[in-house]
Amino acid sequence: MKLIHFVSVFCIFLISASAHAQRKPTISGNFASMRFDEMILSIEQQTPYRFFYNKAWTDTLTVDLKAESELLPVILEKVFSGTVFFYTIDSYNRVFITRER
């Protein structure tokens with residue numbers, strides 16, 4: 001009986017740990033009239049994401065949005081809408097921004 005109890009508790013622990021590991025970090029902030037690189041710095045400070053991009057490409061890009069517990073892809077889709085920029089996020093939370101797919 002103790003063995004069944006132990007196995008049950010262990011399985012619940014594994015399921016809980018797995019569910020926690022799959023949660024994506026959310027982002028909150030007022031990014032109104034903000035330079036792109038300032039927004040990136042704010043996101044890097046509150047999440048495990050690290051961005052890689054050519055800063056000369058985005059030096060005139062300004063952001064005008066407010067985020068409340070939003071996922072990074074949602075934010076980037078809004079920021080890059082109508083621009084020449086694309087992004088990809090790898091399994092190590094590295095975000096690569098390019099001008100080509």
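These exercises, with worked solutions, walk through a predicted model.

**Exercise 1. Determine which side chains of strand β5 (residues 94-98) are buried and which are not.**

Step 1. Start from the general pattern: side chains in a regular strand alternate between the two faces of the sheet.
Step 2. Take one face of β5. Val95 and Ile97 point there and are buried.
Step 3. Take the other face. Arg94, Phe96 and Thr98 point that way and are not buried.

**Exercise 2. Find how strands β2 and β4 are joined to β5.**

Step 1. Look at β2 (residues 50-52). Three bridges join β2 to β5, and the two run parallel. Arg50 has Arg94 as its bridge partner in β5.
Step 2. Look at β4 (residues 86-89). Four bridges join β4 to β5, and this pair runs antiparallel. Tyr87 stands opposite Ile97 of β5.
Step 3. Check the connection. β4 and β5 form a hairpin, with four residues between them.

**Exercise 3. Locate Ser69 and Asn93, each with a positive phi although not a glycine, and classify their exposure.**

Step 1. Recall the background: most residues other than glycine have a negative phi.
Step 2. Place Ser69. Its phi is about 55°, and Ser69 is found in strand β3 (residues 62-71).
Step 3. Place Asn93. Its phi is about 65°, and Asn93 lies in the loop between β4 and β5.
Step 4. Classify both. Partly exposed lies between the cut-offs of 20% and 50%. Ser69 has a relative accessible area of 46%, so Ser69 is partly exposed. Asn93 is at 24%, so Asn93 is partly exposed too.

**Exercise 4. Describe the aromatic pairs Phe36 with Tyr53 and Phe52 with Phe96.**

Step 1. Know what to look for: the distance of the centres and the angle of the planes describe a pair of aromatic rings.
Step 2. Note the total. The model has five aromatic pairs.
Step 3. Take Phe36 and Tyr53. Their ring centres are 5.4 Å apart and their planes stand at 80°, so the pair is edge-to-face. Phe36 sits in helix α2 (residues 36-46) and Tyr53 in the loop between β2 and β3, 17 residues apart. Phe36 is buried at 0% relative accessible area. Tyr53 is buried at 14%.
Step 4. Take Phe52 and Phe96. This pair is stacked, with 5.4 Å centre to centre and 25° between the planes. The pair links strand β2 to strand β5, 44 residues apart. Phe52 is partly exposed at 40%, and Phe96 is partly exposed at 31%.
Step 5. Widen the view. Phe36, Tyr53, Phe80, Phe85 and Tyr87 form one aromatic cluster. Lys55 lies over the face of Tyr53, 4.7 Å from the ring centre.

Notes
Residues numbered from 1 in each chain as written. Predicted model: local features only at pLDDT ≥ 70, side-chain atom pairs only at ≥ 80, totals over all residues. Heavy atoms only, no water. Buried < 20%, exposed > 50% of the residue type's maximum accessible area, 1.4 Å probe, protein only. Pairing = 2+ DSSP bridges. Phe/Tyr/Trp six-rings, centres within 6.5 Å; stacked < 30°, edge-to-face > 60°. Lys NZ or Arg CZ within 6 Å of the ring centre and 35° of its normal.
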